[in-house]
Amino acid sequence: MASTPNARWQVPAALLSSAVLFYFGTGLAPIAVLTWLAPFPVLLLATRVGGWTAAGTAFGAFLLGTANMWAYQAHSGDEPLWPFGAAIDVGMSLVFTFAVWLFWALARRRRTLLASLAAPAAWTALLYLIAISNPMGMMGSLANDQGDAPLVLQTASWAGMWGIEFLVLLPASAVAAMCAPGASRLRTGVVTAVLVTLSLGGGALRLSASGGPSVRMAAITQNAGYHWGPELGTARGRALVQDYLDQISAMPDGVQLVVLPEAAFSAEEEWPTALVEPMRRTAKARGTAIVVGFEYYDRPGKHNYDYALAFPADGAAPVRYLKHHDLVSPPGRDLVFVPGAPAPTGLVICGDTTFTAPSRDYAAAGSRILAIPAELAVPPDSNDEGGWQHTRNALLRGVESGQSIALSDANGTLMLSDGYGRIQAEARTGGPTPFTSVVADVPAGPGPTFHTKFGDWFAWLSLAITVAGLVFARLRTPNPPAAANPKPLNHP
């Protein structure tokens with residue numbers, strides 16, 4: 001461990017280095033490679049100082065790294081800085097602090113391999129416990145930050161997003177552990193190299209596949225920056241229906257699936273005639289399946305129901321999906337497929353993608369495409385930078401379950417991606433034209449993955465490793481070498 005004079009520069013150097021790397025490696029426009037480097041300065045410091053110093057530095061570094069979200073949170077309707085944004089930032093910082101403390105406790109006892117595994121496992125396990133207890137699910141984690149790195153994302157196909165959380169932290173943790181006095185370097189290095197090589201090598205092999213037959217699909221939204229769309233009983237609402245129909249009619253030939261955003265319209269009817277009949281006619285005339293999000297207001301019951309309607313390409317009656325995860329609407333329970341779609345296509349809405357289900361359930365039931373009407377940012381967020389983070393979360397669900405994604409966002413980003421997390425078409429909303437649209441030929445997803453069949457098994461494995469780390473952190477190492485155990489600066 002470091003002497004006090006050396007620690008005077010090592011502590012601020014580690015804090016600032018990790019903070020800067022977290023700042024640019026996470027958030028709304030992350031540089032994915034920096035996410036892997038960000039934990040290293042703090043973890044390396046933890047092998048040289050006492051426990052309180054390591055924990056305090058870890059907390060400060062991560063919290064400063066979240067400054068990349070503060071401006072967004074200051075004007076966010078979904079994630080206001082106070083109290084929700086602050087709670088998220090402090091909570092994530094505490095999770096990282098615990099992971100670093102556990103690493104410190106094991107590294108100082110020369111349990112090198114366990115230290116290198118326990119730190120990423122602790123981070124992963126705690127995030128999983130938060131995700132399953134949080135009514136809004138999980139978004140904005142280290143796995144989300146890898147959204148533009150398809151090679152890394154393939155780990156989700158067998159270990160879920162939890163495997164990515166672990167993988168991103170593992171190399172920094174292992175290298176730092178091997179730098180500790182008295183470290184067992186060979187075994188730790190070999191195990192880490194094997195795990196990283198298998199994960200990324202398997203990802204490269206998976207990316208060599210092409211998926212299923214191509215489906216020409218499109219996503220459309222108006223550039224009005226609305227929260228909920230206009231009432232269908234008004235002249236404005238009826239005019240917007242016609243505008244969307246004109247946009248669909250002008251689509252290139254061969255488009256087989258069109259997705260409109262969440263709550264594109266609102267209505268006091270459960271099956272609004274002003275929407276249903278014109279959409280049915282256009283779907284039949286174009287030979288195109290159409291998915292539309294709309295909000296039904298149940299005035300007597302004072303509820304609003306977040307629905308998606310799927311219109312078959314043959315003009316038959318539409319089917320309706322009710323959002324499964326919603327803090328306002330009564331939750332849905334059923335899986336709903338787009339009738340007659342060119343490939344089995346399931347329906348989810350916006351916030352459903354912050355959970356592994358129902359996306360995983362759709363894959364198990366045979367879905368190869370997820371159609372996602374979304375309204376990913378409410379005013380005053382409209383047309384801001386949050387769209388990237390939301391769409392990459394949806395993309396992550398597609399890789400986990402082997403499904404392509406067709407997402408139409410009212411305020412943010414339109415995205416079409418294949419089942420391997422490769423973006424086929426993308427566009428930001430809010431341009432000078434009345435509507436934004438994207439069209440692409442997208443291979444249908446490969447279908448059920450290992451994660452589809454076995455779920456969040458990796459998160460539970462991480463929890464077991466964390467518990468083992470806590471147990472071994474309390475066990476004394478017999479007769480440690482004197483050079484490896486000088487008096488620490490401070491420790492609890």
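Here a biologist asks about a predicted model and a modeller answers.

Biologist: Let's start with helix packing: how do α10 and α17 lie, parallel or oblique to each other?
Modeller: Helix α10 covers residues 156–178 and helix α17 covers residues 457–473. Their axes come within 6 Å and cross at roughly 40°. Angles under 35 degrees would count as roughly parallel, so this crossing makes α10 oblique to α17.

Biologist: Which class of residue has the most members where α10 touches α17?
Modeller: From α10 come W158, A159, W162, G163 and F166, and from α17 come W457, F458, A459 and S462. Sorted by class, that contact has no charged residues and two polar ones, and the other seven are nonpolar.

Biologist: And α10 with α15, how many charged residues sit in that contact?
Modeller: Helix α15 spans residues 387–401, and α10 packs against it at about 140° with the axes 8 Å apart. The two helices are therefore oblique to each other. On the α10 side you'll find A156, S157, G160, M161 and I164, facing L396, R397, V399 and E400 of α15. Alongside five nonpolar and two polar residues, the number of charged ones is two.

Biologist: What about α4 and α5, at what angle do their axes cross?
Modeller: Helix α4 takes in residues 51–65, and helix α5 takes in residues 67–74. L63, L64 and G65 in α4 meet A67, N68 and W70 in α5, a contact of four nonpolar, two polar and no charged residues. The axes come within 5 Å, and the crossing angle is roughly 45°.

Biologist: Moving to the surface, which helix gives the most to the nonpolar patch?
Modeller: The patch is formed by V20, Y23, F24, I31 and V33, with about 450 Å² of accessible area together. I31 is in the loop between α1 and α2. The top contributor, with three residues, spans residues 4–25 and is helix α1.

Biologist: Now for charges: which residue forms a salt bridge with R320?
Modeller: The structure holds ten salt bridges, and one of them involves R320. R320 is in strand β6, and its partner lies 50 residues away, in the loop between β3 and α13, so to speak a link between distant parts of the chain. The closest N and O atoms are 3.4 Å apart, and the partner is E270.

Biologist: Where in the chain is the cis peptide bond that ends at P358?
Modeller: Most peptide bonds are trans. The one from A357 to P358 is cis, with omega near 15°. As for its place, P358 is in the loop between β7 and α14.

Biologist: One last backbone oddity: what phi does R110 have?
Modeller: Most residues other than glycine have a negative phi. R110 sits in the loop between α6 and α7. R110 is not a glycine, yet its phi is positive, at about 60°.

Notes
Residues numbered from 1 in each chain as written. Predicted model: local features only at pLDDT ≥ 70, side-chain atom pairs only at ≥ 80, totals over all residues. Heavy atoms only, no water. Axes fitted to C-alpha atoms, helices over the stretch in contact; angles between N-to-C directions. Helix = DSSP H or I, 4+ residues; strand = E, 2+ residues; numbered from the N terminus. Parallel < 35°, antiparallel > 145°, perpendicular 65-115°, else oblique. Contact = heavy atoms within 4.5 Å. Nonpolar A, V, L, I, M, F, W, Y, C, P; charged D, E, K, R; others polar. Patch = residues over 30% accessible without salt bridge, like charges linked within 9 Å, V, L, I, M, F, W, Y side chains within 5 Å. Areas by Shrake-Rupley, 256 points an atom, 1.4 Å probe, with all protein chains shown as cover. Salt bridge = Lys/Arg side-chain N within 4 Å of Asp/Glu carboxyl O.
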